[in-house]
Amino acid sequence: MYPFWEVPGFTSALFIALIASFHILPSHLATGAFWFNVFIEQKALKENRPDFLEFIRKYTLLILIFCFVYGSITGVGIWFSATIASPRSLSSLIHNYVWGWATEWVFFVIEIVAIYVYYYTLGKIDVKAHLRIGWIYAWAAWISMIIITGILAFMLSGGKWLVTGGFFDGFFNDTYWPQLFLRTALMCGIAGMYAIIAAGRLEKPETREAIVRLASVWGAIGTLLTVLMSVWFVVKMPQAAKDLGLGAGLPYLKHLLYVAAGGFGAVFLYFLLGISVPKVPGTYSGILMIAVLFAGIFATEGFREGVRRPYIINGYMYGNQIVASDVPGKGIKAELASMKENGFLSSLYFLPDEAKKSSDAGRLAAGRMIALHQCGNCHSFEKNARLRSLPVFLDRIGMTAEEDIAVFLDALEGYAYMPPFAGTDDDKQAAAAWLASICK
Ligand code: HEC
């Protein structure tokens, strides 16, 4: 185990969730926007509408700044925060998919070069050549999505990888195709919304309304298909994830789905408005609708991440980074049994000296380290915390005394959404002692 990253009261999980959900906007805009751009540029060419080029200039600049500044910062932010929040799971992903990421980054580089060339050559070079640059960007961006989706979907449904450890066995898993089409539909919805925001800055009402109407058609179809693909995705989810998300497992997950449906429903209606009365949608209402869309995305992501519990990589690694099962193809061994025998503390390379002492204070310090590592990825330890406060939860179920908590730690196995306790009886007592101390 690596050192633990503590974010008091908030948890590293919520931190990543915020960055990653925001990142969906620029990342999916980056993949979707140029399909709309080349569509408009082709129309400009065929129908002789030079006024459309003004939109393309504004839209491309918006993409350039939003995706390649905010998107890049949050992309790096995900890597950085996920690496320190859950280093072992990131390490597993890299050991399996480093060539997937390497391929994705090749297409990123193509995207970045293409968008700069596209923007700065608009109106300056032959129109057909310019359009070709647009196509290069559009395909490169979508291909990067084809690749990253495999790695993301692998985390929810590991497929045959769980036995073979093979790259493509994990990549083309049960939820791969629904996720790819879901993200492809979503990228059209997001591209449509940002196109309305950019079109709102156009001076000529006639051009503005023509673009708003076209963008709304894209957006409406994109949002509708996003919802349909989500249903396909849910159907393809592993049974345990369905039980957790749709059954009685964790009721709050169903509420997230209602929020998501509300968000996407409102966005769909906005697009319908854009189709029927294109002079109404504009920059400000578009920005407001991005906030609504973000609420829908945040809820959907919460659901997608939530149904994976108790795992961070389904079937393979628990949310607290302990390896849950053997992967014969890779020679990886489950860790629970050996931790029960040899203790959890021996897996901590960075154990503070204090926690090695046999005094009462030493035992509490050891208990704190165990609780941090085994509960801290999903829970916070402060009473007034934002996310799943343990003192509050333990109090709610009436287990705040050391002996009771030790019994509860044994009962963790019975919860569908939490990993079992890993360690010896001494470890359990130490963790219970510390948890009892924070309940006081
Ligand atoms: C993989 C994430 C995860 C880990 C790791 C985890 N929990 Fe939980 N825990 C949850 C979730 C999710 C809930 C349910 C939250 C809700 O009801 O909204 C929960 C609920 C609880 C509850 C309330 C149970 C009830 O019946 O109402 C307690 C107590 C609790 N956890 C203790 C712990 C302790 C102690 C640890 C560490 C040994 C731990 N959890 C580790 C995710 C986790």
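Reader: What makes α14 the largest share of the shell around the ligand?

Author: α14 supplies 3 residues of that shell. Helices here are DSSP runs (H or I, at least four residues), numbered from the N terminus. α14 spans 390-396. The model is predicted; local features need pLDDT of at least 70, side-chain atom pairs count only at pLDDT 80 or more, and totals for chains, interfaces and linings use all residues. Residues are numbered from 1 along each chain as its sequence is written.

Reader: Which other helix supplies at least two residues of the shell?

Author: α13 (360-375) does.

Reader: How do you know which residues are around the ligand, and which come nearest?

Author: A residue counts as near if its C-beta atom, placed from the backbone, lies within 6 Å of the molecule. The shell has 20 residues, and G319, C375, C378, F393 and M418 come nearest.

Reader: Why is C375 called nonpolar and G319 polar?

Author: Because Ala, Val, Leu, Ile, Met, Phe, Trp, Tyr, Cys and Pro count as nonpolar, Asp, Glu, Lys and Arg as charged, and the others, Gly among them, as polar. The shell has 13 nonpolar, 5 polar and 2 charged residues.

Reader: Which domains does the shell draw on?

Author: Domain 1 (11-318) and domain 2 (335-439), with at least three residues from each. The bounds come from an automatic or database domain assignment.

Reader: What makes residues of the two domains count as in contact?

Author: Their C-beta atoms, placed from the backbone, lie within 7 Å. By that rule, 13 residues of domain 1 are in contact with 9 of domain 2. α1 gives the most to domain 1's side, with 4 residues. That side divides into 7 nonpolar, 4 polar and 2 charged residues.
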